[in-house]
Amino acid sequence: MKDVRKILLPLPSTSNAEAALIRGYNFARRFGAHLAVLHIRPDGREMAPLAGEGLSGAMVEDLMRSAEHEGARHAHEVHALFERFVAAHPDIQVVPPRGPFPMDTPTISFNILRGAESEIVPAQARLSDFTLVPHPDSGDAVSSSETLHAVLFDSGRPVVIAPRTPPKGLIKRVCIAWNGTAEASSALRGALAWALTADAVRVLHCGDYQRRGLTAQDVVDYLAIHGITADCVEFPPIDRDVGKGLEAACKDFDADMLAMGAYSHSRLRQLILGGVTRYTLEHADITVLMSR
(Lines give C-alpha, C1' and ligand atoms only; values in the text may rest on other atoms or scores of the structure.)
Protein backbone atom coordinates (compact mmCIF):
# COMPACT_ATOMS: atom_id res chain seq x y z
CA MET A 1 0.00 0.00 0.00
CA LYS A 2 1.49 3.33 -1.06
CA ASP A 3 -1.06 5.37 0.91
CA VAL A 4 0.64 4.68 4.25
CA ARG A 5 4.24 5.86 4.44
CA LYS A 6 4.57 7.44 7.91
CA ILE A 7 3.01 6.36 11.20
CA LEU A 8 3.41 8.52 14.30
CA LEU A 9 3.58 6.69 17.63
CA PRO A 10 3.74 8.99 20.68
CA LEU A 11 4.82 7.17 23.85
CA PRO A 12 4.34 9.32 26.97
CA SER A 13 5.34 6.41 29.24
CA THR A 14 5.81 2.66 29.19
CA SER A 15 2.15 2.06 30.12
CA ASN A 16 0.63 -0.15 27.39
CA ALA A 17 3.59 0.85 25.20
CA GLU A 18 4.66 -2.67 24.27
CA ALA A 19 1.26 -3.48 22.75
CA ALA A 20 1.39 -0.23 20.74
CA LEU A 21 4.96 -0.93 19.56
CA ILE A 22 3.97 -4.40 18.38
CA ARG A 23 0.95 -3.03 16.53
CA GLY A 24 3.08 -0.26 14.99
CA TYR A 25 5.75 -2.79 13.98
CA ASN A 26 3.09 -4.91 12.27
CA PHE A 27 1.76 -1.84 10.45
CA ALA A 28 5.25 -0.76 9.32
CA ARG A 29 5.94 -4.22 7.92
CA ARG A 30 2.53 -4.45 6.27
CA PHE A 31 2.79 -1.12 4.49
CA GLY A 32 6.57 -0.83 4.09
CA ALA A 33 6.23 2.34 6.16
CA HIS A 34 8.20 4.40 8.67
CA LEU A 35 7.21 4.19 12.35
CA ALA A 36 8.17 7.45 14.07
CA VAL A 37 8.27 6.84 17.83
CA LEU A 38 8.06 10.12 19.75
CA HIS A 39 8.45 10.96 23.43
CA ILE A 40 7.61 14.43 24.75
CA ARG A 41 9.42 15.66 27.86
CA PRO A 42 7.56 18.38 29.77
CA ASP A 43 9.35 21.71 30.03
CA GLY A 44 9.66 22.56 33.73
CA ARG A 45 9.97 26.23 32.89
CA GLU A 46 6.25 26.24 32.09
CA MET A 47 5.67 26.13 35.85
CA ALA A 48 7.27 29.55 36.36
CA PRO A 49 3.91 31.41 36.08
CA LEU A 50 2.82 29.56 39.24
CA ALA A 51 4.90 32.09 41.16
CA GLY A 52 2.09 34.52 40.47
CA GLU A 53 -0.49 32.10 41.89
CA GLY A 54 0.58 32.41 45.50
CA LEU A 55 3.59 30.06 45.40
CA SER A 56 6.98 31.28 46.49
CA GLY A 57 9.97 31.22 44.18
CA ALA A 58 11.51 28.41 46.23
CA MET A 59 8.36 26.30 45.93
CA VAL A 60 8.26 26.80 42.17
CA GLU A 61 11.95 25.84 41.93
CA ASP A 62 11.21 22.63 43.83
CA LEU A 63 8.32 21.85 41.51
CA MET A 64 10.51 22.46 38.45
CA ARG A 65 13.26 20.19 39.78
CA SER A 66 10.73 17.47 40.60
CA ALA A 67 9.17 17.74 37.14
CA GLU A 68 12.61 17.60 35.51
CA HIS A 69 13.54 14.51 37.50
CA GLU A 70 10.26 12.79 36.68
CA GLY A 71 10.57 13.73 33.01
CA ALA A 72 14.10 12.33 32.83
CA ARG A 73 12.93 9.07 34.41
CA HIS A 74 10.08 8.63 31.94
CA ALA A 75 12.34 9.47 28.98
CA HIS A 76 14.94 6.93 30.14
CA GLU A 77 12.32 4.20 30.61
CA VAL A 78 10.70 4.81 27.20
CA HIS A 79 14.06 4.89 25.41
CA ALA A 80 15.17 1.69 27.15
CA LEU A 81 11.94 -0.01 26.07
CA PHE A 82 12.51 1.17 22.50
CA GLU A 83 16.08 -0.19 22.51
CA ARG A 84 14.92 -3.57 23.80
CA PHE A 85 12.17 -3.70 21.19
CA VAL A 86 14.39 -2.98 18.17
CA ALA A 87 17.00 -5.44 19.45
CA ALA A 88 14.31 -8.14 19.49
CA HIS A 89 13.04 -7.16 16.00
CA PRO A 90 16.13 -6.83 13.76
CA ASP A 91 14.00 -7.05 10.60
CA ILE A 92 12.94 -3.41 10.99
CA GLN A 93 15.64 -0.87 10.15
CA VAL A 94 16.46 1.84 12.69
CA VAL A 95 16.95 5.26 11.04
CA PRO A 96 17.40 8.85 12.32
CA PRO A 97 14.16 10.81 12.93
CA ARG A 98 14.69 12.82 9.73
CA GLY A 99 15.69 9.84 7.63
CA PRO A 100 16.69 8.92 4.97
CA PHE A 101 13.75 6.56 4.60
CA PRO A 102 14.20 3.71 2.08
CA MET A 103 11.08 3.19 -0.03
CA ASP A 104 8.91 0.13 0.70
CA THR A 105 11.16 -0.88 3.60
CA PRO A 106 9.88 -0.91 7.18
CA THR A 107 11.86 1.56 9.29
CA ILE A 108 11.65 2.91 12.82
CA SER A 109 13.06 5.97 14.60
CA PHE A 110 13.07 7.43 18.09
CA ASN A 111 12.92 11.12 18.95
CA ILE A 112 12.53 13.19 22.13
CA LEU A 113 11.09 16.70 22.01
CA ARG A 114 10.39 19.15 24.85
CA GLY A 115 7.16 21.03 25.42
CA ALA A 116 3.44 20.43 25.83
CA GLU A 117 2.41 17.00 24.57
CA SER A 118 -1.09 18.21 23.69
CA GLU A 119 0.43 20.79 21.31
CA ILE A 120 3.44 18.96 19.86
CA VAL A 121 1.81 15.62 19.09
CA PRO A 122 -1.08 17.05 16.98
CA ALA A 123 1.43 19.23 15.10
CA GLN A 124 3.58 16.18 14.31
CA ALA A 125 0.47 14.18 13.42
CA ARG A 126 -0.48 16.62 10.64
CA LEU A 127 2.42 15.31 8.55
CA SER A 128 1.80 11.65 9.36
CA ASP A 129 -0.63 9.35 7.58
CA PHE A 130 -2.15 8.40 10.91
CA THR A 131 -1.25 8.49 14.59
CA LEU A 132 -1.08 5.28 16.57
CA VAL A 133 -1.59 5.77 20.31
CA PRO A 134 -1.26 3.32 23.19
CA HIS A 135 -4.53 2.56 24.86
CA PRO A 136 -4.86 4.99 27.80
CA ASP A 137 -4.06 3.21 31.04
CA SER A 138 -7.04 1.45 32.54
CA GLY A 139 -6.52 3.45 35.72
CA ASP A 140 -7.03 6.74 33.87
CA ALA A 141 -10.24 8.29 32.59
CA VAL A 142 -9.95 6.98 29.04
CA SER A 143 -12.64 9.27 27.65
CA SER A 144 -10.77 12.37 28.85
CA SER A 145 -7.26 11.48 27.59
CA GLU A 146 -5.88 14.90 26.66
CA THR A 147 -3.37 13.82 24.00
CA LEU A 148 -5.77 11.42 22.30
CA HIS A 149 -8.40 14.13 21.97
CA ALA A 150 -5.86 16.75 20.90
CA VAL A 151 -4.89 14.52 17.97
CA LEU A 152 -8.52 13.73 17.14
CA PHE A 153 -9.64 17.37 17.16
CA ASP A 154 -6.52 19.19 16.01
CA SER A 155 -4.52 17.07 13.55
CA GLY A 156 -6.88 16.46 10.64
CA ARG A 157 -5.68 12.84 10.53
CA PRO A 158 -7.09 9.53 11.79
CA VAL A 159 -6.10 8.10 15.16
CA VAL A 160 -5.56 4.38 15.65
CA ILE A 161 -5.86 3.22 19.25
CA ALA A 162 -3.87 0.09 20.04
CA PRO A 163 -5.42 -2.54 22.31
CA ARG A 164 -4.23 -2.85 25.91
CA THR A 165 -2.72 -6.29 25.37
CA PRO A 166 -0.13 -7.15 22.69
CA PRO A 167 -2.04 -8.06 19.52
CA LYS A 168 -1.54 -11.42 17.83
CA GLY A 169 -1.16 -11.47 14.06
CA LEU A 170 -2.21 -9.00 11.40
CA ILE A 171 -5.53 -7.24 10.97
CA LYS A 172 -7.65 -9.48 8.76
CA ARG A 173 -11.26 -8.75 9.74
CA VAL A 174 -12.39 -5.12 9.61
CA CYS A 175 -15.65 -3.57 10.82
CA ILE A 176 -16.67 -0.11 9.65
CA ALA A 177 -19.34 1.69 11.69
CA TRP A 178 -21.61 3.86 9.54
CA ASN A 179 -24.19 6.44 10.57
CA GLY A 180 -24.09 8.79 7.57
CA THR A 181 -22.03 11.56 9.20
CA ALA A 182 -18.94 13.35 7.91
CA GLU A 183 -16.97 11.79 10.77
CA ALA A 184 -18.00 8.29 9.67
CA SER A 185 -17.02 9.16 6.09
CA SER A 186 -13.57 10.25 7.26
CA ALA A 187 -13.11 7.00 9.19
CA LEU A 188 -14.21 5.01 6.14
CA ARG A 189 -11.51 6.67 4.05
CA GLY A 190 -8.93 5.97 6.73
CA ALA A 191 -9.89 2.30 6.90
CA LEU A 192 -9.35 1.63 3.19
CA ALA A 193 -5.67 0.83 3.72
CA TRP A 194 -6.64 -2.15 5.89
CA ALA A 195 -9.86 -3.10 4.09
CA LEU A 196 -8.02 -3.53 0.78
CA THR A 197 -6.04 -6.49 2.13
CA ALA A 198 -8.50 -7.80 4.74
CA ASP A 199 -9.99 -11.27 4.56
CA ALA A 200 -13.44 -9.93 5.45
CA VAL A 201 -15.05 -6.49 5.79
CA ARG A 202 -18.40 -5.67 7.37
CA VAL A 203 -20.30 -2.38 7.51
CA LEU A 204 -22.23 -2.04 10.76
CA HIS A 205 -25.20 0.29 11.24
CA CYS A 206 -27.92 0.90 13.80
CA GLY A 207 -31.28 2.51 13.14
CA ASP A 208 -31.13 4.35 16.47
CA TYR A 209 -27.89 6.07 15.45
CA GLN A 210 -28.39 6.62 11.73
CA ARG A 211 -28.50 10.18 10.35
CA ARG A 212 -30.17 11.21 7.12
CA GLY A 213 -28.21 10.55 3.98
CA LEU A 214 -26.43 7.62 2.44
CA THR A 215 -27.01 4.15 3.85
CA ALA A 216 -24.77 1.25 4.83
CA GLN A 217 -25.58 -0.41 1.49
CA ASP A 218 -24.28 2.72 -0.25
CA VAL A 219 -21.02 2.20 1.67
CA VAL A 220 -20.86 -1.41 0.47
CA ASP A 221 -21.27 -0.15 -3.11
CA TYR A 222 -18.53 2.46 -2.54
CA LEU A 223 -16.16 -0.18 -1.22
CA ALA A 224 -16.87 -2.34 -4.28
CA ILE A 225 -15.59 0.46 -6.51
CA HIS A 226 -12.30 0.13 -4.61
CA GLY A 227 -12.26 -3.62 -5.22
CA ILE A 228 -13.34 -4.44 -1.66
CA THR A 229 -16.06 -7.01 -1.03
CA ALA A 230 -18.11 -6.23 2.08
CA ASP A 231 -21.49 -6.97 3.60
CA CYS A 232 -23.64 -4.82 5.86
CA VAL A 233 -25.39 -5.80 9.07
CA GLU A 234 -27.78 -3.82 11.24
CA PHE A 235 -27.19 -4.30 14.95
CA PRO A 236 -29.56 -3.46 17.82
CA PRO A 237 -28.64 -1.42 20.90
CA ILE A 238 -28.10 -3.45 24.06
CA ASP A 239 -29.82 -2.04 27.13
CA ARG A 240 -30.54 1.06 24.97
CA ASP A 241 -26.78 1.54 24.52
CA VAL A 242 -25.63 1.78 20.88
CA GLY A 243 -21.97 1.54 21.93
CA LYS A 244 -22.61 -1.75 23.72
CA GLY A 245 -24.47 -3.05 20.66
CA LEU A 246 -21.60 -2.01 18.38
CA GLU A 247 -19.10 -3.82 20.60
CA ALA A 248 -21.18 -7.00 20.50
CA ALA A 249 -21.53 -6.80 16.71
CA CYS A 250 -17.73 -6.54 16.36
CA LYS A 251 -17.30 -9.60 18.59
CA ASP A 252 -19.86 -11.54 16.55
CA PHE A 253 -17.77 -10.80 13.45
CA ASP A 254 -14.51 -11.67 15.28
CA ALA A 255 -13.17 -8.30 14.14
CA ASP A 256 -9.50 -7.27 14.50
CA MET A 257 -10.25 -3.59 13.82
CA LEU A 258 -13.17 -1.20 14.14
CA ALA A 259 -13.23 2.04 12.13
CA MET A 260 -15.67 4.71 13.28
CA GLY A 261 -16.29 8.42 13.34
CA ALA A 262 -15.62 10.15 16.66
CA TYR A 263 -17.91 12.60 18.43
CA SER A 264 -20.59 13.17 15.84
CA HIS A 265 -22.32 14.70 18.88
CA SER A 266 -20.30 17.22 20.87
CA ARG A 267 -17.55 15.88 23.09
CA LEU A 268 -19.05 17.67 26.11
CA ARG A 269 -22.41 16.00 25.54
CA GLN A 270 -20.79 12.59 25.30
CA LEU A 271 -18.65 13.14 28.40
CA ILE A 272 -21.74 14.13 30.41
CA LEU A 273 -24.37 11.82 28.97
CA GLY A 274 -22.25 9.06 27.49
CA GLY A 275 -22.13 8.11 23.84
CA VAL A 276 -20.83 5.63 21.30
CA THR A 277 -17.37 7.24 21.14
CA ARG A 278 -16.98 7.29 24.89
CA TYR A 279 -18.19 3.71 25.32
CA THR A 280 -15.81 2.45 22.62
CA LEU A 281 -12.82 4.28 24.10
CA GLU A 282 -13.48 2.80 27.51
CA HIS A 283 -14.43 -0.77 26.55
CA ALA A 284 -12.99 -1.81 23.17
CA ASP A 285 -10.40 -4.58 23.32
CA ILE A 286 -9.49 -4.50 19.63
CA THR A 287 -7.64 -1.98 17.47
CA VAL A 288 -9.89 1.06 16.84
CA LEU A 289 -9.51 3.69 14.13
CA MET A 290 -11.28 6.96 14.93
CA SER A 291 -11.59 10.05 12.79
CA ARG A 292 -13.18 13.47 13.03
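**Chatting through a predicted model**

Colleague: Hi! What kind of model is this, predicted or not?
Modeller: Hello! This is a predicted model.

Colleague: Okay, how many helices and strands are in the protein chain?
Modeller: The protein chain has nine helices along with eleven strands.

Colleague: And how much of the protein chain counts as buried?
Modeller: Buried residues make up 50% of the 292 in the chain. As for the outside, the accessible surface of the protein chain is about 13,800 Å², and carbon and sulfur atoms account for 52% of that.

Colleague: Changing topic: how many disulfides does the count come to?
Modeller: The count is zero disulfides.

Colleague: Why does C175 not form one with C250?
Modeller: The closest cysteine sulfur to that of C175 is in C250, and because the two are 4.2 Å apart, they are too far for a bond. The cut-off for a disulfide is a pair of cysteine sulfur atoms within 2.5 Å.

Colleague: Got it. Is C175 buried or exposed?
Modeller: C175 is buried, and its relative accessible area is 0%. C206 also counts as buried, at 3% relative accessibility.

Colleague: Now P10. Where does P10 lie?
Modeller: You'll find P10 in strand β1, which covers residues 6-10. P10 is buried too, with 2% relative accessible area.

Colleague: Which residues does P10 touch?
Modeller: Leaving aside residues up to four places away in sequence, P10 touches L38, V121, T131, L132, V133 and P134.

Colleague: And how far apart are P10 and V37?
Modeller: In sequence, P10 and V37 are 27 residues apart, while their C-alpha atoms are 5.8 Å apart in space.

Notes:
Residues are numbered from 1 along each chain as its sequence is written. This is a predicted model: local features need pLDDT of at least 70, side-chain atom pairs count only at pLDDT 80 or more; totals for chains, interfaces and linings use all residues. Side-chain values use heavy atoms; hydrogens and water are left out. Buried means under 20% relative accessible area, exposed over 50%, partly exposed in between (1.4 Å probe, protein chains only). Helices (H or I, at least four residues) and strands (E, at least two) are DSSP runs, numbered from the N terminus. Contact means heavy atoms within 4.5 Å. Accessible areas come from the Shrake-Rupley method with a 1.4 Å probe; for residues, only the protein chains shown count as cover.
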